[in-house]
Amino acid sequence: MLTRVKSAVAGFMGGIMAGGSSGGGGNAGSELPLKFPYMRPEFLGLSQDEIECSADHISRPILILKETRRLPWATGYAEVINAGKSALNEDQACCEVVVARRRPMSYCPPSTPSKTPTAKRRNSLPNGEGKLGEDGEGLVFHYWALFDGHAGSGAAVVASRLLQHHIACQLQAVIEILRNLASFPPTVLGEEPDSNPYLQGNTPGPHRALTRAASLRGAAGAPSSPCNTPHPPRFFTEKKIQHESLVVGAIENAFKEMDAQIEREKQVHNITGGCTALTVVYLLGKLYIGNAGDSRAIIIRNNEIIPVSTEFTPESERQRLQFLGFMQPHLLGNEFTHLEFPRRVQRKEVGKRMLYRDFTMNGW
C-alpha cells in the first residue's frame, strides 16, 4: 500500500515537473516548441495508447520487440519504466542501418531524421561486412545506441533521432580513404597516398611508383633526377595513422557536434534534461564503441563478462572537473571552490585547517 501511495505522489509531482504524459519531456511553463515529440523507440512499433500504458508506474509493463526479426543481428531489446522517479521513461534507444554517402562536408543534414522506410531498415540483415551502398555512393554501417536520460526526456529523444546522422556526416570526409585499405591515410586530405617505400615498408628500387607531385618536383627517383634510388630519410617523425583511427575520430567528433547542437537548439526549442550516450557502430568488419556518461558496454562470452567501455562518473572525472574549476573559477558562480573536501564545510569551520584534495592529488 505504501509503495502505491509513493508511486502516486511521485507520478503526480513528476507530471507537474515534466508536463504530464503528453508533454514530450518538455517543461509545462516553457513556451518554446518541442524539437521532437515524445515517443518510445520506433522499432518497438507502439501505438499512442501503448505508449501511455507503458508509463504506468504501478503495473510497470515490460516492453519487448513484437517481431524477433525486426532488428538486424537478431538484436534483442526490453525496457520498463522506473518506479516513480519521473512521469515518463526518460531513456531512449535506436537501432538502424545507416548509409554514409559521398557528399561534400557542407552537406550535413543532422537536423533532419532519416527518411529511410522502417521496413527497409528492418529487413537489412548484416552480411558480415560494411559495404558500398546499392548506388555506390557510400559506406553502410550498423548502428545501435542507448541513451540514459535524466531531469527530462528531451535531450535523449533528440540524441536518439540525430546522433547517427552526425556520425554519417563525419564519415563523409574519409569514405574514399576507408575504401583504400592498401595505403596509409594521407596526412593532407585530398592528396594521393604517400608512396614513399620507406613509409610503406617496401624495398626501394628504380621501378618504384612516384606520386604526380614528386615527378613534377624532379624528386630523387624521378626519370629526370640524377639518381634513381632515393636516399633514406634522415628524420622520420610522421605517424602512421590507421584506418580504424579515422572511424574513431569520426565518432568522437559526432558526439561533440551532437552535444553542441543540443546546446544551440535549447535556445529555440524546449529540450529538457540531459542524457548519456552509448553507441556501437559496425563498419568494415569491426565494432566501434562510443560512450559518454555513466553507462557501460559489456560482452558476455562463455559466462565471462568483458567490459568494452568505462563509465564517466563524478569520481572518475574528479581531477578534470577540478582543473576546469581552477582554470575558469567563474563557472563555480562564487558558490563553490575547485578543492574537494571530505564533506560539506560548515560555517563554524571557516578559517580552520581541514583535509582537502586538489586536482593534482590522489591523496589528501
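In which helix does cysteine 169 lie? In this predicted model, cysteine 169 is part of helix H4. With a relative accessible area of 7%, cysteine 169 counts as buried, because the cut-off for a buried residue is under 20%. Its C-alpha is 8.0 Å from that of alanine 254, although 85 residues separate cysteine 169 and alanine 254 in sequence.

Helix H4 covers residues 154–171, a run of 18 residues. From the first C-alpha to the last, H4 reaches 26 Å, close to the 26 Å expected at 1.5 Å a residue. The helix nevertheless has a kink of about 40°, and this kink is centred on leucine 162. H4 is mostly covered, with 17 of its 18 residues buried. Serine 160 also belongs to helix H4. It has a relative accessible area of 6% and is therefore buried. The C-alpha of serine 160 lies 7.1 Å from the C-alpha of phenylalanine 147, and the two residues are 13 apart in sequence.

Alanine 151 is located in the loop between strand E5 (149–150) and H4. Its relative accessibility is 66%, so alanine 151 counts as exposed. The backbone at alanine 151 has a positive phi of about 60°, although this residue is not a glycine. Most residues other than glycine have a negative phi.

Strand E7 is formed by residues 277–283. It is mostly covered, and seven of its seven residues are buried. The buried residues lie on both faces of E7. On one side are Ala277, Thr279, Val281 and Leu283, and on the other are Leu278, Val280 and Tyr282.

E7 pairs with two strands described here, E4 and E8. Strand E4 (residues 138–147) runs antiparallel to E7 and is joined to it by five bridges. The pairing of E7 with E8 is also antiparallel and extends over seven bridges. Leucine 278 of E7 takes part in both pairings: it is the bridge partner of leucine 146, and its bridge partner in E8 is asparagine 291. E7 and E8 form a hairpin, with two residues between the strands. Leucine 284 is in the turn of this hairpin and has a positive phi of about 55°.

Strand E8 comprises residues 286–292, and isoleucine 289 is found in it. The relative accessible area of isoleucine 289 is 33%, so this residue is partly exposed. Isoleucine 289 also contributes to a nonpolar surface patch of about 390 Å². The other residues of the patch are Trp73, Leu287, Ile299 and Val308.

Tryptophan 73, a member of this patch, is found in the loop between strand E1 (63–64) and strand E2 (78–79). Its relative accessibility is 38%, so tryptophan 73 counts as partly exposed. Why can tryptophan 73, at 38% relative accessibility, be counted as partly exposed rather than buried or exposed? The value of 38% falls between the two cut-offs, because buried means under 20% and exposed means over 50%. The phi of tryptophan 73 is near 60°, a positive value in a residue other than glycine.

Note on methods:
Residues numbered from 1 in each chain as written. Predicted model: local features only at pLDDT ≥ 70, side-chain atom pairs only at ≥ 80, totals over all residues. Heavy atoms only, no water. Patch = residues over 30% accessible without salt bridge, like charges linked within 9 Å, V, L, I, M, F, W, Y side chains within 5 Å. Areas by Shrake-Rupley, 256 points an atom, 1.4 Å probe, with all protein chains shown as cover. Salt bridge = Lys/Arg side-chain N within 4 Å of Asp/Glu carboxyl O. Helix = DSSP H or I, 4+ residues; strand = E, 2+ residues; numbered from the N terminus. Buried < 20%, exposed > 50% of the residue type's maximum accessible area, 1.4 Å probe, protein only. Pairing = 2+ DSSP bridges. Expected span 1.5 Å × (residues − 1). Bend = angle between axes of the 7 residues up to and from the residue.
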